[in-house]
Amino acid sequence: MPTVDNWQLGREMEYPYEGARPDDQWAGVFDLNKCIECQTCTLACKTTWTHGEGQEHMFWNNVETKPYGSHPVGWDKRTLEDLDPGDWEDGTYEGDTIFEANGTDWDDPENNPQESQQAAGELAGFFPGTDDWRYPNLGEDEIAGDSMESITHFDEETHPVWFFYLPRICNHCTYAACAGSCPVPAIYKREEDGIVLIDEDSCQAFQQCNEACPYKKAIFNPAESKSQKCIGCYTKTEQGKAPQCFENCLGKIRLHGYINPPEEADESDPMAEPTNPLDFVVHQKELAKPLYPQFGLEPNVYYVPPITAPTDYLSQMFGPGVEDAIATYRAMRNGDEPALKGLFKLMGSTEWSITAFEIDGDEAVGYYEGDEVGRVPITEPTAERDRYDEDEDVYRLDIT
Amino acid sequence: MSENTILGGPPNRATDATDEPETEPTPDPADLPGDAETAVHRSRLYSLLSLGFDRPGEDFEAARDEDAYAADLHASAAAIDPEIAAAAAAVTDALEGIDGDELHHQWAALFGVEEGVTVSPYELTYLPGPLMTNVRRLADIRGFYEAFDLSLADEGTDRGDHVCYLTEFLSALCLREASLRERGDDEGVAIVVDARRSFLEDHLGRWYWRLADEVGSHDDGTFYAALAELLAALVEHEIETLDLDPDWVPDDPEVTEWNEDVFGDAGRGCGGCGANVGDLG
């Protein structure tokens, strides 16, 4: 049985192909505490890449409200229902991934995706139909938890009434199901940066990837009769620039860079020397978490969980360690994590990808391959005025 | 892709591909209908059409001095085709005796913002599909301009899909064709003729007849109705000469066509979120 090492699961897992990692792995961090669902990312992507005929339903970047939003309809819930609930034990996932749920023997030549031409059927999940793509704003701003009254006050750290916004793009997975299921194969992962691409000249419209990707980010274009997906804006990242959805994020929630597996992670201290920001947030601080790691794809977009949402829901979505991540985030807000605070101030401060950062006195400094590309104050200077202005005889509502 | 991993590059393309670089075939003069003289007249006719569809001003008044506009229109149309010449005669007849103020009034009633742009001179208006999709069309048009080192004037306030720009671009192509034919540059001629083919088939050739219908339905018998008919006669002649098969736009601007399949009844939105503009009010 071919097995690959999935560090997010804390164990090896089954996969149709042998494991191999790219030279660098494209990655992102999204701070869900800052997303306001303005959809600027969505439109930055749509107007750049998916404004053609046959792409009307296609959002390589979308933002949905959780828990009730989903595009396509029920993409996560339906796949989760296909997987038996699996426990995590000391950081190890003991349930089945989508590759394992049906007990497929990937060593059997008949099950080879190029031989069977229907590998997606061997994976847990579903094929999203036309109706599933019709409602990109389904569930938008719908609250979960208690009912909301005019006198409701939120005193608890976990809010009794809650929702949060989840921006989603292709995760450029280490063990991409789209690539792993393609019969041609027309989908591949670039060795230089790990970006997963569909070679449109080779695509023969089997649509196996549409079903296999549990995040539903490989999407069929009926006008071109080809499947298409997020390309990680490699035309920009090759020049050192962050992808469109990162650069245009108004909330400055996104950080683009490259991540290492844990055993190769940068263990430097950013208070003393330039450090890989992805490794710092994901591996050192364990603050940002992968989306549905139990699917088994080792996705490479990492989310800082929203600190006011219930942790049982967040744990299902982001795996173990959510409580610790929330505690770390609160510590950062309280000034106890200056390096993290500095890094989060760097997010959205530059159009460049950030491959290293360090703290320089009161400032955080971002680098792209050794060149300084961003410098921001960790604590922004503020001035406070008197509430009452004697000269004007007025009270100020805003004094900072 | 490597043997048994998803890492790698694009799969090998056609197995019968050879290492020999592809060479451009030598253009066959038979595929390049026309001659230098006709190209000059065609260029002038497109240019006069562009000037005619523009908001009447000093340039048009100057062109009308000593009946130069009418004389040039006649001469160039007659050099191309009798039917075009007849259409040009209708234009000059309609222009006779109209002063600048009256002409401006006619123009404003049809194309001016003064009266809400009764007839749109913009290509995107006539194309099916959501606005988001049509941004690509606009980019394609601008790409044609840039490919020939042309750009919209800084002081211009119109979009690149305005009929004045489209005809002016075709005029520039025809003038280059004439110059290249004079120099015996078949390869150059092939490039500009191919561009004219593509531009007509992908853009003006798809909707010129809708413009003529719209102008005619609002303004029958006047200068602009005749001018739109002249444009139609010239483009139809071009389509026949160049053996084109443009995909005509629908005759109903509200048609939803292919996007019905995706969004159902909410088919004609901007294309951004699937919402139907009509339901938002």
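# Close-up views of a predicted two-chain model

**Figure 1. Seven rings gather into one cluster in chain B.** The group is made up of B:Phe53, B:Phe60, B:Tyr69, B:Trp107, B:Phe111, B:Phe223 and B:Tyr224, which together form one aromatic cluster. Keep in mind, here and in every view below, that this is a predicted model. If you count aromatic pairs over all chains, the structure holds 37 of them.

**Figure 2. A tilted ring pair links distant parts of chain A.** Here you can see A:Trp162 and A:Tyr313, with ring centres 5.2 Å apart and an angle of 55° between the planes, a pair that is tilted. Which parts of chain A does the pair tie together? A:Trp162 belongs to strand S8 (residues 161-162) and A:Tyr313 to helix H9 (residues 311-318), so the two rings connect parts that are 151 residues apart in sequence. A:Trp162 is buried, at 10% relative accessible area. A:Tyr313 counts as buried too, with 17% relative accessibility.

**Figure 3. A second tilted pair: A:Tyr388 and A:Tyr395.** The centres of these two rings lie 4.8 Å apart and their planes meet at 45°, so this pair also goes down as tilted. Are the two residues buried or exposed? A:Tyr388 is partly exposed, at 31% relative accessibility, while A:Tyr395 is exposed, with a relative accessible area of 63%.

**Figure 4. Two arginines sit over rings, one in each chain.** In chain A, look for A:Arg168 over the face of A:Trp75, 3.7 Å from the ring centre. In chain B, the charged end of B:Arg159 is placed over the ring of B:Tyr122, at 4.8 Å from its centre.

**Figure 5. The largest pocket, with its lining from chain B helices.** How big is the volume of the largest pocket? About 610 Å³. Its lining takes in 26 residues, and the ones that lie nearest the centre are B:Asp54, B:Arg55, B:Asp158, B:His162 and B:Cys164. Four helices of chain B give two or more residues each to that lining: H1 (36-53), H2 (58-64), H5 (100-111) and H8 (163-182).

**Figure 6. A:His256, a buried histidine on a strand.** You'll find A:His256 in strand S14 of chain A, which covers residues 254-259. A:His256 has a relative accessible area of 3%, so it's buried. Who are its contacts, once neighbours within four places in sequence are left aside? They are A:Trp26, A:Ala27, A:Thr237, A:Ala242, A:Pro243, A:Phe246, A:Leu278, A:Ser353 and A:Ile354. With A:Ser353 there is also a polar contact, 2.7 Å long, between the two side chains.

**Figure 7. Helix H8 of chain A is mostly covered.** This helix spans residues 277-284, and seven of its eight residues are buried. The buried ones are A:Pro277, A:Leu278, A:Asp279, A:Phe280, A:Val281, A:Val282 and A:His283. What covers them? Strands S3 (25-31), S14, S16 (301-304) and S17 (356-360) and helix H11 (338-346), each from chain A, are among the covering elements. Now check the ends. At the N-terminal end, A:Asn276 acts as a cap, with a side-chain oxygen 2.8 Å from the backbone nitrogen of A:Leu278. After the helix comes A:Glu286, which has a positive phi, near 50°.

**Figure 8. A:Asn210, a buried asparagine on a helix.** A:Asn210 is part of helix H5 of chain A (residues 208-212). Its relative accessible area is 4%, so A:Asn210 counts as buried. Skipping residues up to four places away in sequence, A:Asn210 touches A:Phe126, A:Phe127, A:Pro128, A:Lys216, A:Ala218, A:Ile219, A:Phe220 and A:Ser227. One of these, A:Ser227, makes a side-chain to side-chain polar contact with A:Asn210 at 3.0 Å. Another, A:Phe220, is ten residues away along the chain, and its C-alpha atom is 6.8 Å from that of A:Asn210.

**Figure 9. A:Asn6, a buried asparagine on strand S1.** Strand S1 of chain A runs through residues 3-6 and includes A:Asn6. A:Asn6 is buried, at 0% relative accessibility. Its contacts beyond four places in sequence are A:Arg11, A:Met13, A:Tyr175, A:Gly296, A:Leu297 and A:Glu298. A:Pro293 is 287 residues away along the chain, yet its C-alpha atom is 9.4 Å from that of A:Asn6.

How values were computed: Residues are numbered from 1 along each chain as its sequence is written. Chains are lettered from A and ligands numbered from 1 in the order in which they are written. This is a predicted model: local features need pLDDT of at least 70, side-chain atom pairs count only at pLDDT 80 or more; totals for chains, interfaces and linings use all residues. Side-chain values use heavy atoms; hydrogens and water are left out. Buried means under 20% relative accessible area, exposed over 50%, partly exposed in between (1.4 Å probe, protein chains only). A polar contact is a pair of N or O atoms within 3.5 Å; within protein, one must be able to donate a hydrogen and the other to accept it, and residues adjacent in sequence count only if both atoms are side-chain atoms. Contact means heavy atoms within 4.5 Å. Rings of Phe, Tyr and Trp (its six-membered ring) pair if their centres lie within 6.5 Å; planes under 30 degrees apart count as stacked, over 60 as edge-to-face and the rest as tilted. A charge sits over a ring if NZ of Lys or CZ of Arg is within 6 Å of the ring centre and within 35 degrees of the ring normal. On a 1 Å grid over the protein atoms alone, a cavity is a set of points where a 1.4 Å probe fits but cannot get out, and a pocket is an open set with protein on both sides within 12 Å along at least five of seven lines; lining residues have an atom within 4 Å of a point. Grid points are joined across faces, edges and corners, and a volume is the space filled by probe spheres set on the points.
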